[in-house]
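Biologist: I should like a close look at a single part of this protein, taken slowly and with its surroundings. Please give one connected account rather than a list.

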Amino acid sequence: MQFDLKDLRIFVLIAQTGSLTRTSEQSHLSLAATSARVRALEDQAGMPLLIREARGVKLSAPGEAFLHHARGVLRQTDQLRQELQEYGGHSVLNLFRN
């Protein structure tokens, strides 16, 4: 499986807000784009990561596990970016901003 860092950030934000709409607004994406990104993550995982409810979303059991690992990947990416920055790798930093 390959995951886009932006998709991981969006998923973490969805978990924090409990809302696709608020996540869309904060991410400057349309609701349709946010929903499509989540569906793509779920397709890659082969299972639902979110439980859609009338007033928002909550994480499924696999979604909880996915969230844990998404946070870890993002944390490691930030650490890598910081270490590279110490070496003056400013052009490399753009790779991790998506």
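Modeller: What follows examines the packing of one helix against another, together with the aromatic residues at that place, and then turns to a second helix pair.

The model is a predicted one. To set the scene, the protein chain has 5 helices and 2 strands, and along the sequence these elements are arranged as α-α-α-β-β-α-α. The chain comprises 98 residues, of which 36% count as buried. Of the contacts between residues at least 6 apart in sequence, 48% connect residues at least 24 apart.

The part chosen for the close look is the meeting of helix α1, residues 5-17, with helix α4, residues 61-86. The two axes come within 9 Å, and they cross at roughly 125°. An angle of that value falls outside the ranges for roughly perpendicular and roughly antiparallel, which run from 65 to 115 degrees and over 145 degrees, and α1 is therefore oblique to α4. As for its hand, the crossing in which α1 passes α4 is left-handed.

Which residues make this contact? From α1 come L5, L8, R9, F11, V12, A15 and Q16. From α4 come G63, F66, L67, A70, R71, V73, L74 and T77. By class, the residues of the contact of α1 with α4 comprise 10 nonpolar, 3 polar and 2 charged.

Two of the residues named in this contact, F11 and F66, also belong to the aromatic groupings of the model. The structure contains 2 aromatic pairs. One of them joins F3 to F66 in an edge-to-face arrangement, with 5.2 Å from centre to centre and 80° between the planes. F3 is in the segment before α1 whereas F66 is in helix α4, so this pair ties together parts of the chain that are 63 residues apart in sequence. The two partners differ in their exposure: F3 has a relative accessible area of 30% and is partly exposed, while F66, at 12%, is buried.

The other pair consists of F11 and F66, and it too is edge-to-face, with the centres 4.9 Å apart and 80° between the planes. Here F11 in helix α1 is linked with F66 in helix α4 across 55 residues of sequence. F11 has a relative accessible area of 0% and is buried. F66 takes part in the pair with F3 and in the pair with F11, and F3, F11 and F66 together form one aromatic cluster.

Helix α1 has a further link, on the side of helix α2. S27 lies in helix α2, residues 20-27. With a relative accessibility of 16%, S27 counts as buried, because the limit for that class is under 20%. Leaving aside residues up to four places away in sequence, S27 touches I10 and L13.

Helix α2 in turn packs against helix α3, residues 31-45, with the axes coming within 9 Å and crossing at roughly 110°. The helices α2 and α3 are therefore roughly perpendicular to each other. On the α2 side, the residues that meet α3 are L20, T21, T23 and S24. Their counterparts in α3 are L31, T34 and V38. The residues of this contact divide into 3 nonpolar and 4 polar, with no charged ones, whereas the contact of α1 with α4 includes 2 charged residues.

Definitions and conventions: Residues are numbered from 1 along each chain as its sequence is written. This is a predicted model: local features need pLDDT of at least 70, side-chain atom pairs count only at pLDDT 80 or more; totals for chains, interfaces and linings use all residues. Side-chain values use heavy atoms; hydrogens and water are left out. Axes are lines fitted to C-alpha atoms, for helices over the stretch in contact, and angles run from 0 to 180 degrees between N-to-C directions. Helices (H or I, at least four residues) and strands (E, at least two) are DSSP runs, numbered from the N terminus. Angles under 35 degrees count as roughly parallel, over 145 as roughly antiparallel, 65 to 115 as roughly perpendicular and the rest as oblique. A crossing is left-handed if the near helix is turned anticlockwise from the far one by less than a right angle, and right-handed if clockwise. Contact means heavy atoms within 4.5 Å. Ala, Val, Leu, Ile, Met, Phe, Trp, Tyr, Cys and Pro count as nonpolar, Asp, Glu, Lys and Arg as charged, and the others, Gly among them, as polar. Rings of Phe, Tyr and Trp (its six-membered ring) pair if their centres lie within 6.5 Å; planes under 30 degrees apart count as stacked, over 60 as edge-to-face and the rest as tilted. Buried means under 20% relative accessible area, exposed over 50%, partly exposed in between (1.4 Å probe, protein chains only).
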